[in-house]
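Welcome! Here are some short exercises to help you find your way around a new structure. Try each task on your own before you read the solution.

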Amino acid sequence: MKNFEVYFYNLLKKIIKKKTGLHEPVFINKDFNYVKSCIKSSYVSTRGKFTNKFEKEISKITKSKYIVATNSGTSGLELALRTVGIKDNYEVLVPALTFVASVNSIKFCNAVPHFVDSETSDLGIDVLKLNEYLKKNTFKKKNFLYNKISGRRIFAIMPVHIFGMPCNIIGIQKIAKKFNLKVVEDATEALGSKFKGKQMGTFGDIGVLSFNANKIITTGGGGALIIKNKKDYNKALHLSTTAKVRHKWRLQHRNIGWNIRMPALNASLGYSKLRNFSKILIKKRNLAFRYRQLFKNTSLSFFEEKKNVKSNFWLNTIILKDDQVKFRKKILDYCNLKGIECRPAWNLISEMKIYKKNPKSNLDNAIRLQKKIINIPSGLNLF
Ligand SMILES: Cc1ncc(COP(=O)(O)O)c(C=O)c1O
């Protein structure tokens with residue numbers, strides 16, 4: 001088709017009536033009131049009451065007892081890896097098709113990202129392919145898994161729920177059990193996404209959320225760990241607060257710790273947003289429904305949920321057909337020029353110079369998928 005980009009843009013215009021970013025945050029009066037009340041209290045940093053209140057709301061939404069809020073999803077992922085016991089030179093399996101922060105968090109721990117391929121139907125790790133790959137390329141010693149080529153221990157796997165779409169988390173759990181791997185679930189894009197009614201981020205040993213400005217709800221910048229047991233909770237909380245020994249006045253630190261707990265000022269905004277979360281989620285799913293209807297009888301395919309899965313549709317995604325891939329650049333150029341921000345998926349992280357020599361499986365699906373994805377505006381400012 002000639003002028004495919006114009007066709008694409010005109011379709012979007014049926015829903016999008018004004019210039020828009022990909023996922024703009026929206027604020028309501030209540031948000032201002034909670035932030036104001038935090039400022040008035042003068043406790044704007046991590047000792048303020050809103051950090052705990054925010055964690056309690058996450059706890060309710062995710063039905064998880066132990067939550068530690070952090071100042072970003074990236075710091076949250078690093079903290080999660082440290083909490084489950086990562087050591088220097090351990091390898092962590094991670095999809096090549098993800099945001100760079102998933103991979104960097106591994107590197108921050110002096111560990112080694114080991115790239116694996118993606119599954120076309122949900123964009124998450126391709127579990128069947130991974131199973132075959134691990135059978136061929138690893139060995140077990142004293143019940144631990146090792147990479148045959150590098151000789152390093154493969155310690156963990158980091159599944160990512162791309163654009164909010166749940167990956168095959170049950171398959172990941174099976175792999176983790178079979179090969180004795182820890183699971184740190186990158187659910188940064190997936191607050192409100194579920195598998196069989198259970199929140200993503202609650203399946204792994206630890207799951208991590210993000211509240212960056214572009215996420216389904218924002219705290220300006222922020223993250224949270226969803227933790228399974230008290231021991232890990234205590235460790236994560238301790239490490240995130242300079243490893244300070246709890247005492248009324250003594251200033252003593254037990255370890256090298258980080259200062260990455262979410263400040264109350266950020267949490268006050270998040271608290272307000274979370275109290276409204278069920279309504280936000282309904283609106284997000286409504287928008288996805290409208291897009292689905294829009295693309296229904298067209299040659300474009302809207303990226304859909306599989307059985308038993310509910311996505312938060314953080315981003316709505318179009319997967320171009322093979323013969324449409326050639327139009328992608330023009331579509332992106334045209335829509336962005338006209339003020340409707342559309343984006344491709346990330347370039348594969350395994351292609352970055354710093355990660356080029358890292359271990360990796362065959363990445364054919366990820367390479368193909370990367371060329372086909374267009375994310376379209378998905379914020380609630382569209383209502
Ligand atoms: C897949 C993925 N992982 C990690 C992060 C890092 O989160 P943050 O931006 O809160 O540091 C993000 C979000 O930006 C993300 O999309």
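**Exercise 1. A small sheet**

In what sense do strands S8 and S9 pair, and over how many bridges? Find the sheet they belong to and describe its edges.

*Solution.* Keep in mind as you look that this is a predicted model.

- Step 1: S8, at residues 194-195, pairs with S9 in the antiparallel sense, and the pairing has two bridges.
- Step 2: Phe195 shows one of the partnerships, since its bridge partner in S9 is Lys198.
- Step 3: Now widen the view to an open sheet of three strands, ordered S9-S8-S13 and paired antiparallel.
- Step 4: S9 (198-199) and S13 (309-310) are the edge strands; each has a single partner strand, so one side of each lacks a neighbour in the sheet.

**Exercise 2. The chain as a whole**

Describe the make-up and overall dimensions of the protein chain.

*Solution.*

- Step 1: Begin with the secondary structure, which comes to 12 helices and 15 strands.
- Step 2: The radius of gyration is 21 Å, close to the 21 Å from the globule rule for 383 residues, so the chain is as compact as a globular protein of that length.
- Step 3: Along the principal axes, the C-alpha atoms fill a box of roughly 70 × 60 × 35 Å.
- Step 4: Buried residues make up 45% of the 383 in the chain.
- Step 5: Look at the contacts with a separation of 6 or more: 71% of them are between residues 24 or more positions apart.

**Exercise 3. Two sides of a helix**

Which residues of helix H1 are buried, and which are exposed on the other side?

*Solution.*

- Step 1: H1 covers residues 4-13, and Glu5, Phe8 and Leu12 are buried there.
- Step 2: These three span an arc of only 65° around the axis, which puts them on the same side of H1.
- Step 3: Turn to the other side of H1, where Asn10 and Lys13 are exposed.
- Step 4: The cover over the buried residues of H1 includes helix H11 (328-337) and strand S15 (373-376).

**Exercise 4. Following S15**

Place S15 in its sheet and identify a bridge partnership.

*Solution.*

- Step 1: S15 belongs to an open sheet of three strands in the order S12-S14-S15, with antiparallel pairing.
- Step 2: S12 (301-302) and S15 are at the edges with a single partner strand each, so one side of each has no neighbour in the sheet.
- Step 3: S14 (residues 316-319) is joined to S15 by four bridges, and the two run antiparallel.
- Step 4: For Thr317, the bridge partner in S15 is Asn375.

**Exercise 5. A covered strand and the core**

Is strand S10 mostly covered or uncovered? Trace its pairings, then move on to the largest nonpolar core.

*Solution.*

- Step 1: S10 (residues 206-210) is mostly covered, with five of its five residues buried.
- Step 2: Ile206, Val208 and Ser210 are buried on one side, and Gly207 and Leu209 on the other, so both faces are covered.
- Step 3: S7 (residues 182-186) runs parallel to S10 and is joined to it by three bridges; here Val184 has Ile206 as its bridge partner.
- Step 4: S11 (residues 223-227) pairs with S10 in the antiparallel sense over five bridges, and Ser210 stands opposite Gly223 of S11.
- Step 5: The largest nonpolar core has 99 residues, and Val184 and Leu225 are among those with the most contacts inside it.
- Step 6: Helix H9 (residues 264-275) supplies the largest share of this core, six residues.
- Step 7: Beyond its neighbours within four places in sequence, Leu225 has contacts that include Ile67, Leu79, Ile206, Val208 and Ala236.

**Exercise 6. Where the domains meet**

How is the protein chain divided into domains, and which element gives the most to the side of domain 1 that touches domain 2?

*Solution.*

- Step 1: Domain 1 is made of 4-24 + 278-349 + 359-382, and domain 2 of 29-275.
- Step 2: Their centres, taken over C-alpha atoms, are 26 Å apart.
- Step 3: The contact takes 30 residues from domain 1 and 39 residues from domain 2.
- Step 4: On the domain 1 side, the elements giving two or more residues are helix H10 (277-295), S13 and H12.
- Step 5: H12 gives the most to that side, with five residues.

Methods: Residues are numbered from 1 along each chain as its sequence is written. This is a predicted model: local features need pLDDT of at least 70, side-chain atom pairs count only at pLDDT 80 or more; totals for chains, interfaces and linings use all residues. A residue is buried if 20 or more other C-beta atoms lie within 10 Å of its own, exposed if 12 or fewer, and partly exposed in between; C-beta atoms are placed from the backbone. The arc is that of the directions from the helix axis to the C-beta atoms. Two residues are in contact if their C-beta atoms, placed from the backbone, lie within 7 Å. Two strands pair if DSSP finds at least two bridges between them. The radius of gyration is taken over C-alpha atoms; the globule rule is 2.2 Å times the number of residues to the power 0.38. A nonpolar core is a set of buried Ala, Val, Leu, Ile, Met, Phe, Trp, Tyr and Cys residues joined through C-beta atoms within 7 Å. Domain bounds come from an automatic or database domain assignment.
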